[in-house]
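Me: Please take a close look at the part around the ligand, and then carry on to the polar and charged pairs elsewhere. Keep the cut-offs next to the terms, as I'd like to know what each label means.

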Amino acid sequence: MSRVFVTGATGVLGRRALPVPIEAGHAVTAVTRTADKADAVRRAGAEPVTVDLFDPVAVRRAVDGHDAVAHLATNIPTGASAAARRGWAVNDRLRSRAAANLSAAAIDTGAGRYVQESITFPYVDGGDRWLDEATECACFWGNRTTADAEAATGAVSDAGGTGVVLRFAMFTAPDSAHLLSFANMARRGVWGVFGDDDAFVSFIGVDDAAAAVLAALDAPAGVYNVAEPEPLPRRDHRRALATAVGRRRLRGLPKLAQKAGGEGAASLARSHRISSAALQYATSWSPTRRAVDAWSELA
Ligand SMILES: NC(=O)c1ccc[n+]([C@@H]2O[C@H](COP(=O)([O-])OP(=O)(O)OC[C@H]3O[C@@H](n4cnc5c(N)ncnc54)[C@H](OP(=O)(O)O)[C@@H]3O)[C@@H](O)[C@H]2O)c1
């Protein structure tokens, strides 16, 4: 049994990731900021803790005594706030300051292992090519701090520990705000995903993502993509979502909408056919769910 310190344990990913190491026999401490979520953490079998992730001294104190740290906390803006830089400020600090504090605490206290949530969205457009972890990234201001979080993870490996980055594709979950917004638009006859129909899009079922967090507690140091088994072009998802909401077809967003969304929208329009072969090779993890089958759960 090892003692695992988890941030973000009450979020879309964390809610699923929290019970998995507990069932595997690990003792888990989970960070949350609110009393009602602390109760949920306790019910899941973990020990809740309140700590300011931006305070290095408090973080070191909280991490002390653990064998592994998993930093899953994000604060991704949804809706209109996603278009404004200030909407990303807390998320940026979680991926820069908090990741630096947590990885430094892991190093100082000898926790040995540090697991960091990251994303595949910064990859350049790959067309039909499979994209592995060596793919070049082109960040925009909304996701550039993923590089800080990944560097903090590398520092743990450089110090003799094991730093593991999990680059997740887009989560599919019935409680993901982004997926729900696609379903809401589809009910109004609109396909809300940016990008050409021929372009690939990669998702990851959030239960498979949670299983990857457990796999990362044993994986060799490194950066790993975490995506569904067989990503498909957007066309297939558009059809599947139309069927799920009972429409013959969904009309695309006007080109102007993507233009108005600026760099963020342009980056979301890229063709991403993400390969998770490295994580499957390094661990016993493998993705089980195709995103194209998940739309019916949202509709
Ligand atoms: N790869 C992807 O597709 C991807 C990745 C991340 C997020 N998303 C999406 O983005 C949307 C929002 O997700 P989210 O993960 O940001 O929100 P969320 O699901 O509400 O979870 C946020 C988690 O991070 C913690 N957190 C947030 N701000 C914090 C802070 N300042 N200090 C400490 N902990 C903090 C929260 O803890 P408390 O208990 O303290 O609230 C909570 O556990 C969802 O639709 C999700 O699916 C997608």
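Reply: Let's start with Thr 74: one of its polar side-chain atoms sits 2.6 Å from a ligand oxygen. That is a polar contact, meaning two N or O atoms within 3.5 Å; inside the protein, one of them must be able to donate a hydrogen and the other to accept it, and sequence neighbours count only if both atoms are side-chain atoms.

Some ground rules before going on. The model is predicted, so to speak of a local feature takes pLDDT of at least 70, and side-chain atom pairs count only at pLDDT 80 or more, while totals for chains, interfaces and linings use all residues. Residues are numbered from 1 along each chain as its sequence is written, and side-chain values use heavy atoms, with hydrogens and water left out.

Backbone atoms reach the ligand too. A polar backbone atom of Gly 11 is 3.1 Å from a ligand oxygen, and for Ala 177 a backbone N or O atom comes to 2.8 Å from one. On its own the ligand has 900 Å² of accessible area, and the protein covers 88% of it (areas by the Shrake-Rupley method with a 1.4 Å probe; for residues, only the protein chains shown count as cover). Elements giving two or more residues to the shell are α5, β5, β8 (170-172) and α7 (177-187). Helices here are DSSP runs of H or I with at least four residues, strands are runs of E with at least two, and both are numbered from the N terminus.

Who is in that shell? There are 26 residues around the ligand, and Thr 10, Thr 32, Arg 33, Lys 37 and Thr 74 come nearest; a residue is near if one of its heavy atoms lies within 4 Å. The shell splits into 15 nonpolar, 8 polar and 3 charged residues. Nonpolar covers Ala, Val, Leu, Ile, Met, Phe, Trp, Tyr, Cys and Pro, charged covers Asp, Glu, Lys and Arg, and the others, Gly among them, are polar.

Two of those shell elements, α5 and β5, lead on to the charged pairs. Side chains of opposite charge can pair when their charged atoms come close. The structure has 12 salt bridges, each a side-chain nitrogen of Lys or Arg within 4 Å of a carboxyl oxygen of Asp or Glu. One of them joins Glu 117 and Arg 95, 3.0 Å from N to O. Glu 117 belongs to strand β5 (residues 113-119) and Arg 95 to helix α5, so the bridge ties together parts 22 residues apart in sequence. Both ends are buried: Glu 117 at 5% relative accessible area, Arg 95 at 1%. For these labels, buried is under 20% relative accessible area, exposed is over 50% and partly exposed is in between, with a 1.4 Å probe and protein chains only.

Helix α5 (residues 89-109) also supplies Asp 92, whose partner Arg 144 sits 52 residues away in the loop between β6 (130-131) and α6 (146-158). Their N to O distance is 4.0 Å. Asp 92 is buried at 11%, whereas Arg 144 is partly exposed at 45%.

A third bridge pairs Arg 235 with Asp 198, with the closest N and O atoms 2.5 Å apart. Arg 235 lies in helix α9 (residues 234-244) and Asp 198 in the loop between β9 (190-191) and β10 (200-201), 37 residues apart. Here Arg 235 is partly exposed at 30% and Asp 198 is exposed at 53%. Bridges with shared partners also join Arg 15, Arg 16 and Asp 175 into one network.

Two serines round off the polar pairs. Ser 202, in the loop between β10 and β11 (203-205), is buried at 6%, and its side chain reaches the backbone nitrogen of Ile 274 at 3.0 Å. Ser 2 comes in the segment before β1 (3-7) and is buried at 18%; its side chain contacts that of His 26 at 2.8 Å.
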